[in-house]
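Q: Pick one part of this model and take me through it up close, please. Start from the middle and work your way outward.

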Number of protein chains: 2
Amino acid sequence: MEPTGRRRAAVTLKDLAAELGIHVSTVSRVLHSESEVARGAASTETARRVRDLAKLRGYSPDPQATSLRTRRTRAIGVIVPRLSDIVLATMYEGVEEAAAESNHSTFVMNSHDDLDEQRRKAEIMLARRVDGLILGDVHAGSSLVDDLVKRHVPFVLMNRRYPGFPSSTCDDTGGGRLVADHLWSTGHRSVAIIAGETYASTGVDRTAGFVERWNELGGDVPADRILPSRFDTEGGRQAGEELLRRDGEAPTAVFAVNDFAAIGAMGAFRAAGLVVGQDIAVVGFNDTSLAAQLPIPLTSVRSPMLEIGRSAVGMLRRVMAGEDVASVRHRAELFVRESSESGAVGARRGLRVG
Amino acid sequence: MEPTGRRRAAVTLKDLAAELGIHVSTVSRVLHSESEVARGAASTETARRVRDLAKLRGYSPDPQATSLRTRRTRAIGVIVPRLSDIVLATMYEGVEEAAAESNHSTFVMNSHDDLDEQRRKAEIMLARRVDGLILGDVHAGSSLVDDLVKRHVPFVLMNRRYPGFPSSTCDDTGGGRLVADHLWSTGHRSVAIIAGETYASTGVDRTAGFVERWNELGGDVPADRILPSRFDTEGGRQAGEELLRRDGEAPTAVFAVNDFAAIGAMGAFRAAGLVVGQDIAVVGFNDTSLAAQLPIPLTSVRSPMLEIGRSAVGMLRRVMAGEDVASVRHRAELFVRESSESGAVGARRGLRVG
DNA sequence: CTATTCAACCCAAACGTTTGGGTTTCGTCC
DNA sequence: GGACGAAACCCAAACGTTTGGGTTGAATAG
């Protein structure tokens, strides 16, 4: 009995050539060359017969054989902290789309933001002979990028930037500034920032942009009001609790550099008896699909995640072609919702420090 | 000037063989055979020299060449509705982990739950010559699976099941029953179900399990209280609004077959002035990391998503080996939280139909 | 002392493409 | 009528492996 797994062998150039009584190289040129070369390789009549038969037999070139010969795999490797983070997952969707359009395949791997795992995953991708790499998880001060450069591996950064290397990111600084403008103009003067991981440029830049603008406006963000945190809900909750635990006057508004952290913080505030949007304003970042749909809709800065992914691919293609490419920062846009709508007047009315 | 993209050619078996003055086939056998074959291919001394040099030169086999020769790519294709759905993303993390452990790479693609796109993506994967497929987006009544069987493509289903084919899923029926038990025992008698897409076994089974158990307990779920919906927050909100718009007595509890739909529904209820957990109970499914962290923590059924992904890989490996494999349904577990804690007593006190 | 066996190798073909360079067979030009 | 050029092909090597089958030379059995 034949094992279920056995598949019928795919039709090859040789099969087509044999059936047509011509040489395999002619078939190859007809099917796989730019029209320039194809003309000159076979008569229009022969070319037609080749193409017809190829379609009829369902010919599809063997990518392994092609890669072996051409030394390029048309595969690109993507490394992200974790795909279960909707932000990275969405960027990856953009990557996949754009890659497919230029006939590339993508491998994704999760590094869990662990430096060793990053290296290991990059190694695996290179062992698979990917043509280039998109790194979505670069850490500040990571040596991986330098090594890749030394090894002449074409790569671009996505989501997080790293000075000196091409990256496709959101304009995080600008986004932070938008939040500062919004909170200032709605009357807040006492704010805190849930700043994310210190190794990630996203959180750092969003924080820096906020502080920069806040200072320009005449405000002040005390250093102890900037709390590093994990990027997930749990991290946001912890930071939120920490904020409430502090002595002294509590902030009337909190900027979390990430929607999930914002959601966690909202949970902490609510648990402490505060009504978000009235007693305390909360602003997030990324405008994930959840933000607008939350029980208390969350003000958030929209980052064009799909577009960030798409343009990372475009940039990588140019790097692979040997061009110099500049980093792109995609424009951010603020969406004000109930979580910060009522302004400081409402917020000020009753923050009970627990 | 050398283009940035040029990479130093990788070291090959031939290079190693030349440097050691032995034949390439000997090197190959030493490096890539089970110890059985390796013994007999070279002296222990030679084997050592080969291995040492390989390590020294950083040899890594060319997977394209290997695939060409062996006709297996050690790659598996994964198709999911969308990776930005955290449920599928998490399952994929499990897939990636397990695949890596058995030295397989994975390609993922999004089908957006579109039948044409499913086919297209599957074709792309097959053109890449993957050894097998994991389908996370099978639709009830889809013809794709039958075609794959006809073409002898090894595959397994994940997340959603399809009678007659091996699948790795959550015990959705059992999960639905858990919810029914919980709501019944907390005193609810008037319930509604936000049932998800009708083409997905997940929603269908969770609904069926709930109804089955509810009936056993003596309850009744009127047909018009079972609302199909999209799986995202937006879908949940729409269904929630629809529920409130209905005439007559409104339910005291709502079971949404998915956390995101539950969150959307919570938003709709809140917008109508209801306090979730007091005026109306809400239960979700999947226990995504968000559920416990929401402002009003959500009761949810935990499905072991990582494990579902991991075991899909194990099953696929056996299918690829030609074995018959049975479907696996992973056990579900209920986590009761504030959104449904107070029971029908609280819930009953004041549902104002808007 | 001759077979036989075994360890330790080598040989060469094959997987499916691509590609630099032929070789025919025409038609055309001078 | 010979040279030339182009059109339409063919040839063969190469990419890096794997693998069924040699070939040695020495040790052992009978």
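**Around the axis**

A: Start with B:Gln64: among the residues of chain B, its C-alpha comes closest to the rotation axis, at 2.4 Å. Before going on, a word on the model: it is predicted, so local features need pLDDT of at least 70 and side-chain atom pairs count only at pLDDT 80 or more, while totals for chains, interfaces and linings use all residues. Residues are numbered from 1 along each chain as its sequence is written, and chains are lettered from A and ligands numbered from 1 in the order in which they are written.

Back to that axis. A turn of 180 degrees with a shift of 0.0 Å along the axis lays chain B on chain A with an RMSD of 0.1 Å (a least-squares superposition on the C-alpha atoms of residues with pLDDT of at least 70 in both copies). The two copies are therefore related as by a two-fold rotation axis. Both copies use the same surface, too: 100% of the contact residues of chain B recur in chain A (contact here means C-beta atoms, placed from the backbone, within 7 Å).

The contact itself takes 53 residues from chain A and 53 residues from chain B. On the chain B side, H5, helix H6 (86-101), strand E2 (105-110), helix H11 (233-245), helix H12 (259-271) and helix H13 (305-320) each supply at least two residues. These labels are DSSP runs numbered from the N terminus: helices are H or I with at least four residues, strands are E with at least two. H6(B) gives the most to this side, with 6 residues. By class, the side of chain B that touches chain A has 23 nonpolar, 17 polar and 13 charged residues; Ala, Val, Leu, Ile, Met, Phe, Trp, Tyr, Cys and Pro count as nonpolar, Asp, Glu, Lys and Arg as charged, and the others, Gly among them, as polar.

H5 turns up again at the DNA. There are 27 residues around DNA strand D, and A:His23, A:Ser25, B:Leu13, B:Ser25 and B:Ala65 come nearest (near means a C-beta atom, placed from the backbone, within 6 Å). Helix H2 (24-32) and helix H5 (63-70) of chain A, along with helices H1 (13-20), H2 (24-32) and H5 (63-70) of chain B, each give two or more residues to the surface near DNA strand D. That surface has 10 nonpolar, 12 polar and 5 charged residues.

Over at DNA strand C, 27 residues surround the strand, with A:Leu13, A:Ser25, A:Ala65, B:His23 and B:Ser25 closest. Here the elements giving two or more residues are helix H1 (13-20), H2 and H5 of chain A, plus H2 and H5 of chain B. The class count near DNA strand C is 10 nonpolar, 12 polar and 5 charged.

Now outward along chain A. This chain divides into domain 1 (13-61), domain 2 (73-169 + 305-330) and domain 3 (172-303 + 334-348), with bounds from an automatic or database domain assignment. The centres of domain 1 and domain 3 of chain A, taken over C-alpha atoms, are 62 Å apart.

Chain A has an open sheet of 6 strands with mixed pairing, in the order E7-E6-E8-E9-E10-E12; strands pair if DSSP finds at least two bridges between them. Strand E7 (226-228) and strand E12 (333-335) of chain A have a single partner strand each, so one side of each has no neighbour in the sheet. From one strand to the next, the twist averages 20 degrees (axes are lines fitted to C-alpha atoms, for helices over the stretch in contact, and angles run from 0 to 180 degrees between N-to-C directions). Strand E10 (residues 299-302) of chain A joins E12(A) through 3 antiparallel bridges, and A:Ser300 stands opposite A:Phe335 there. E10(A) also pairs with strand E9 (residues 281-286) of chain A, in the parallel sense over 4 bridges, where A:Phe285 has A:Val301 as its bridge partner.

Key
Two residues are in contact if their C-beta atoms, placed from the backbone, lie within 7 Å.
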